[in-house]
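Please walk me through this structure, beginning with the surroundings of the ligand and then turning to the aromatic rings and the backbone.

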Amino acid sequence: MSTVPQSVLVDGIGTLVTNDPELGEGPLGEIHDAALAIDTGHVAWCGPRGAAPGTDARVDAAGRCVIPGFVDSHSHVVFAGDRSNEFGARMSGRPYEAGGIRTTVAATRAATDTELSDTAASLVREAHAQGTTTLEIKSGYGLTVADEERLLRTAARFTEEVTFLGAHIVAPEYAGDPQGYADLVTGAMLDACAPHARWIDVFCEDGAFDAETARRVLQAGQRRGLAPRVHGNQLGPGPGVRVAVECGAASVDHCTYLSDADVSALAESAAEGPGTVATLLPGVDFSTRQPYPDARALLDAGACVALASDCNPGSCFTSSVAFCIAMAVREMRMSPEEALWAATAGGARALRRSDVGHLAPGARADLTLLAAPNPIYLAYRPGVPQVAAVWKDGELVSGNP
Ligand code: NIG
Ligand code: FE
């Protein structure tokens, strides 16, 4: 007989963020003095606590805030090696270059499956402990058929959101022959990798892949049933956003350097729905001393904005979505409500998921109990852990309520 209670009431919630304006106040659908019932991995009920149904067990939130678990739609946590010296050099004045990726490729190829899996497991645990309940994971540090496939197999042990990023940079063996490498990515590598992934991604940037090759990679993936997403406009203005919108990508990630036409294209695509989400990764801009993306221009134009960590050993080694929210609020002039929505419902939109990122009845019971009375604390207390407990699929995966 299972010792896990089938249904649990999280009671005494000071502020419950549902992300469903029909269930509560404001854009986040906040319910005050609330309760939420979990049954067999899903939200069974939420509302004012006086109206709560009977359950097998009860947890007392003691006036604290409950939010949907963060949906971190962009990470590269399957890797080996250390690039702290590269970060140190950058902070002493050296620029960030896409070529640093090669350092991680060499270390990753040399690592055993167990080493890769242990590193990923520890970063996934770290992410859970900070309130993340959905984590997308990309390949991209293998760049051979066998290595990309094993990175995807490893990623699939931790998430349903697995992304094939063979087109991260041109593999060192193909230096000077980018078309030869694109042939490999869209041929034998895609054959081996497509069965293990849901998404295909390409780094469309000077120093990585041009617009024409990016389109070729995404279309080849689509023919194999993978849905497109793009890394673009990270290091300078470029065609990434245009390619993403043209190809119907679910998301274009970074968006640090956008033209007015890029902003309009993203806004138009959001209006037509489901559209291409602009996923902003402020941890990268922080860790590479770049300007922050113009979130206000995107939001004011009507684009759909997500926030994600981009946890990786090179451009941004943080798994803290709360830190990204704090930067988005302080540095990018997003309101605390906009930033929390972007890191939960926005991330879900970027992964085309309707079962996560909100807490309406029927959604997955992926929720985070904050050690705080309201969600403003995520930005108000930067750098201070604000997560008390995390449930994923209705099971406590971190903390202690
Ligand atoms: O999202 N932009 C390309 N890829 C990663 C960087 C990876 C690295 O530097 O190792 C990113 O920032
Ligand atoms: Fe990335």
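A polar contact is a pair of N or O atoms within 3.5 Å. The model discussed here is predicted, and with that cut-off in mind the side chains around ligand 1 can be taken one after another. An oxygen atom of ligand 1 lies 3.1 Å from an N or O atom in the side chain of His 254, so this pair falls within the 3.5 Å that defines a polar contact. For Asp 310, the distance between a side-chain N or O atom and an oxygen atom of ligand 1 is 2.6 Å, and a polar side-chain atom of Arg 83 likewise lies 2.6 Å from an oxygen atom of the ligand. On its own, ligand 1 would expose 330 Å², of which the protein buries 100%.

The wider setting fits into the same picture, for ligand 1 sits in the largest cavity. Around the ligand there are 15 residues, and those that come nearest are Arg 83, Tyr 96, Gln 234, Asp 310 and Ser 315. By character, the shell divides into 4 nonpolar, 9 polar and 2 charged residues.

Turning to the aromatic rings, a pair is described by the distance of the centres and the angle of the planes. The count comes to 6 aromatic pairs, among them Phe 79 and Phe 317, which are edge-to-face with 5.8 Å from centre to centre and 80° between the planes. Because Phe 79 belongs to the loop between strand S6 (70-72) and helix H1 (84-91), while Phe 317 belongs to the loop between strand S14 (305-307) and helix H11 (321-330), the pair ties together parts that are 238 residues apart in sequence.

The backbone also deserves a look, since most residues other than glycine have a negative phi and most peptide bonds are trans. Gly 273 and Pro 274, however, are joined by a cis peptide bond with an omega of about -10°, and Pro 274 is placed in the loop between helix H8 (260-272) and strand S13 (277-280). Asn 19, although not a glycine, has a positive phi of about 65°, and its place is in the loop between strand S1 (7-17) and strand S2 (30-39).

Technical notes
Residues are numbered from 1 along each chain as its sequence is written. Chains are lettered from A and ligands numbered from 1 in the order in which they are written. This is a predicted model: local features need pLDDT of at least 70, side-chain atom pairs count only at pLDDT 80 or more; totals for chains, interfaces and linings use all residues. Side-chain values use heavy atoms; hydrogens and water are left out. A residue is near a molecule or strand if one of its heavy atoms lies within 4 Å of it. A polar contact is a pair of N or O atoms within 3.5 Å; within protein, one must be able to donate a hydrogen and the other to accept it, and residues adjacent in sequence count only if both atoms are side-chain atoms. Accessible areas come from the Shrake-Rupley method with a 1.4 Å probe; for residues, only the protein chains shown count as cover. On a 1 Å grid over the protein atoms alone, a cavity is a set of points where a 1.4 Å probe fits but cannot get out, and a pocket is an open set with protein on both sides within 12 Å along at least five of seven lines; lining residues have an atom within 4 Å of a point. A molecule sits in a cavity or pocket if more than half of its atoms lie within 2 Å of its grid points. Ala, Val, Leu, Ile, Met, Phe, Trp, Tyr, Cys and Pro count as nonpolar, Asp, Glu, Lys and Arg as charged, and the others, Gly among them, as polar. Rings of Phe, Tyr and Trp (its six-membered ring) pair if their centres lie within 6.5 Å; planes under 30 degrees apart count as stacked, over 60 as edge-to-face and the rest as tilted. Helices (H or I, at least four residues) and strands (E, at least two) are DSSP runs, numbered from the N terminus.
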